[in-house]
Amino acid sequence: MQVAVIGGGVVGASVLYHLTKAGWTDVVLIERDELTSGSTWHAAGGMHTLNGDPNVAKLQQYTIKLYQDLEAESGQSCGIHITGGIDLAGTRERMDFLKLAVARGRYLGLDMELVTVDEAARLFPLMEKKHFVGALFNPLEGHVDPAGVTQAYAKAARNRGAEVYRFNRMLELVARIDGHWDVITEKGTLVAQHVVNAAGLWAREVGRMTGLELPVLAMEHHYLVTGEIPEVAASATEMLHVIDFEGEIYMRQEGRGMLIGTYEKAGVPWAVRETPWNFTHELLPPDLDRIAPSLEVGFAHFPALENAGIKLVVNGPFTFSPDGNPLIGPVRGLPNYWVACGVMAGFSQGGGVGLALANWMVHGDPGFDVWAMDVARFGDWTTMAYTNAKVRENYSRRFSIRFPNEELPAARAVRTTPVYDLLAAQRAVFGAAFGLEHALWFAPPGCEAVEDVTFRRSNAHAPVTEECTAVRSAVGLLEIATFGKYEVSGAGAATWLNQLLANRLPRVGRMSLSPMLNHNGKLIGDFTVANAGHDRYFLFGSGVAEEYHLRWFASHLPAAGVALRSLRTELLGFAIAGPRARDLLATLCADDVSNDALPFLSFRKTEVATVPAFIGRISFTGELGYEIWVPADCQRTLYAALVHAGGEVGLRHFGARALHSLRLEKSFGNWAREYRPIYSPSEAGLDRFVDLSKGDFIGRAAAQREREAGPKRRLVTLVIDAADADPIGDEPVWHDDLVVGWVTSGGYGHCVGKSIALAYVPASLAQVATGFEVEILGERRSADLAPRPLHDPTGSRMRLS
């Protein structure tokens, strides 16, 4: 058979349905008990499109709109109640969050609007207006019948040829030499080409059958149903779905009362290490004391609830990932093994998850930007303890604001470099990327080394200005451990890399920039490639995409002739950048580093400050710069030498905030923002790094077709007349009173004194200079298109002789 889907909850049933809809009908679903018997059966069934990631929000919209078609196709009622919803803001900051959500919804086709407190009270008369400052109205919210939806997916899939095996527990999964899987169950063994782990509460246990420890954990979750409420009983229309962020509760109508769910601060994990296989259609003991603080706020905010009484209390487990988004996709090292788990909002996200995974399996691409859900966003550092801490944090913050500059405290310092304490002594304010601590900015004396969280410019603004100025005028020092680093070697290395990458490989001792494309010609990587000679190459890319890229590399690696290693913890280093960078390097390097000896894009093995090193003359800042890579056990020695010698040339530490500003001034794109699998090199302005004449490579045919036809959209730089808030990404771009595009990255250019955004707009507007607006916190701010980078448009400073 083609696929065995393990797990009969709403997610597994959705995957089964979407596989058959995509044309794969020799598929089965295996469930240890009855369908819905894990988390699905006791779910509240709420659905909404609000999500911090706009691409996930789009898939939630797909899920909700699917239900009517699913009913018609299956003949099974889904119990659809599209009531609309009100998301209530109790603070200015929450109102800013809702303004961002409405703005993002504009280019996604999500029909949301901001409403006043008076209008919100008209729509939802149970609320006490004095506790709120405004609200978001979303017509596409409501609830469904969890069992009905799951059965509808399963019935529609069976109508297309799928089979559903109930009361048949999984026992073992064994990889076969032909790439297929022996799926061993209580009732016998099946052979499947693909396996999908959609086991919900038991996803960890099914993962462990293959040696995989998935970062998921179940949390106890309460909701209660009130007795009759006169205002509800008397209403001519069904009550809206409501989220009260400050109260940490959600509500919808249930009968003549209301269903109230909580995401309390003192959340409790369930089955921390192992989920019992015999847990079937069961609930957990209620703990009303634990959720009492949330209920007290709810009763104050919605007085009609207080005297309604409680008719039913439900406490059941739901699984969460460390960041609250689903885990989907293929798993590196396990060919034809797929996951679809950690879907805590199954009735908002289940349809989108099933669609994306089915597309991925059948067509080789999910068809959407699913980075926020890709299982590869986590690595082997996500231990059970890490997952426990982050899931508890995420659950407690389910209705809290995540500010764009906010770094959450749970499970920090999991991964650090040898100079972590030395950077801390320099008053570094740290962030975490792929679990690794890295400096965001450095607090000057007299300034607390803590960043104020805000949607506007923070207390880091002035220190970051000083860091940027130092790089542009003297020399800055940046740790670059967050880069992804790979060594490719062997007699077949060059041949393999030429097939994998879109640009021609550099000569020995040189570096080149090269996109990596998928078969559809879309961007899945952006690398600096260094040729060290003797069939040895280094690739430098985005550290947060390390597992994502290793998965792609592994799936295309030949059986012999090529060795691939991730150098994550082996090779560390620093970037030095600025007009005095060469002077600094010359005092420490054993070799000549003049422009004649080490020109732009050179790569050399040498000695720096008594330690062996590789030097690449390249910089993401737009200045004369060098990347210095050394063995991890030499990093402290290199750091001490750079800081000591740097005193003579005005060396200053700088962090990720300054680097972000400097690259915006140069219009440099970044992986996961400007470069993602929904964009092509032509759209992203990377055509000059795609060499169609070098021979065949993955994505070449698609890239050539688009180059000949021309892209439909282009990446541009916009200069915005901003106030005290800069773009951060995902804001809509307006032109002639229409939403025409979206921002991918934004911020303040500290050295040019301007607010800058990188954005995708229709190709027809890419040469239009004026008439643009960017919506920032509910205000449409005027913007002009910059035809060239704002800093050093010719690039002469990087090539400084």
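**Entry 1: the sheet.** I looked up the strand order in this predicted model and found an open sheet of 5 strands, arranged β26-β27-β28-β25-β29 with antiparallel pairing. I then asked which strands form the edges of this sheet. They are β26, residues 511–517, and β29, residues 563–566, and each of these pairs on one side only. I also noted the turn between neighbouring strands, which averages 25 degrees when direction is ignored.

**Entry 2: the pairing of β29.** I followed β29 to its partner β25, which spans residues 483–489. The two strands pair in the antiparallel sense over 4 bridges. Within this pairing I located V488, whose bridge partner in β29 is L564.

**Entry 3: the helix on the sheet.** I next asked which strands helix α14 lies across. The helix, residues 546–556, lies across β25, β26, β27, β28 and β29. I recorded its direction against β27 (523–531) as about 80 degrees.

**Entry 4: cavities.** I turned to the interior spaces and counted 7 cavities of 30 Å³ or more. I chose the second largest cavity, with a volume of about 100 Å³, for inspection. Its lining comprises 15 residues, of which L50, N51, A57, A101 and R104 are the closest to its centre.

**Entry 5: the lining.** I asked which elements give two or more residues to the lining of the second largest cavity. They are α2, residues 54–74, and α3, residues 92–108. Helix α3 gives the most, with 6 residues. Sorting this lining by class, I noted 9 nonpolar, 4 polar and 2 charged residues.

Technical notes
Residues are numbered from 1 along each chain as its sequence is written. This is a predicted model: local features need pLDDT of at least 70, side-chain atom pairs count only at pLDDT 80 or more; totals for chains, interfaces and linings use all residues. Side-chain values use heavy atoms; hydrogens and water are left out. On a 1 Å grid over the protein atoms alone, a cavity is a set of points where a 1.4 Å probe fits but cannot get out, and a pocket is an open set with protein on both sides within 12 Å along at least five of seven lines; lining residues have an atom within 4 Å of a point. Grid points are joined across faces, edges and corners, and a volume is the space filled by probe spheres set on the points. Ala, Val, Leu, Ile, Met, Phe, Trp, Tyr, Cys and Pro count as nonpolar, Asp, Glu, Lys and Arg as charged, and the others, Gly among them, as polar. Two strands pair if DSSP finds at least two bridges between them. Axes are lines fitted to C-alpha atoms, for helices over the stretch in contact, and angles run from 0 to 180 degrees between N-to-C directions. Contact means heavy atoms within 4.5 Å.
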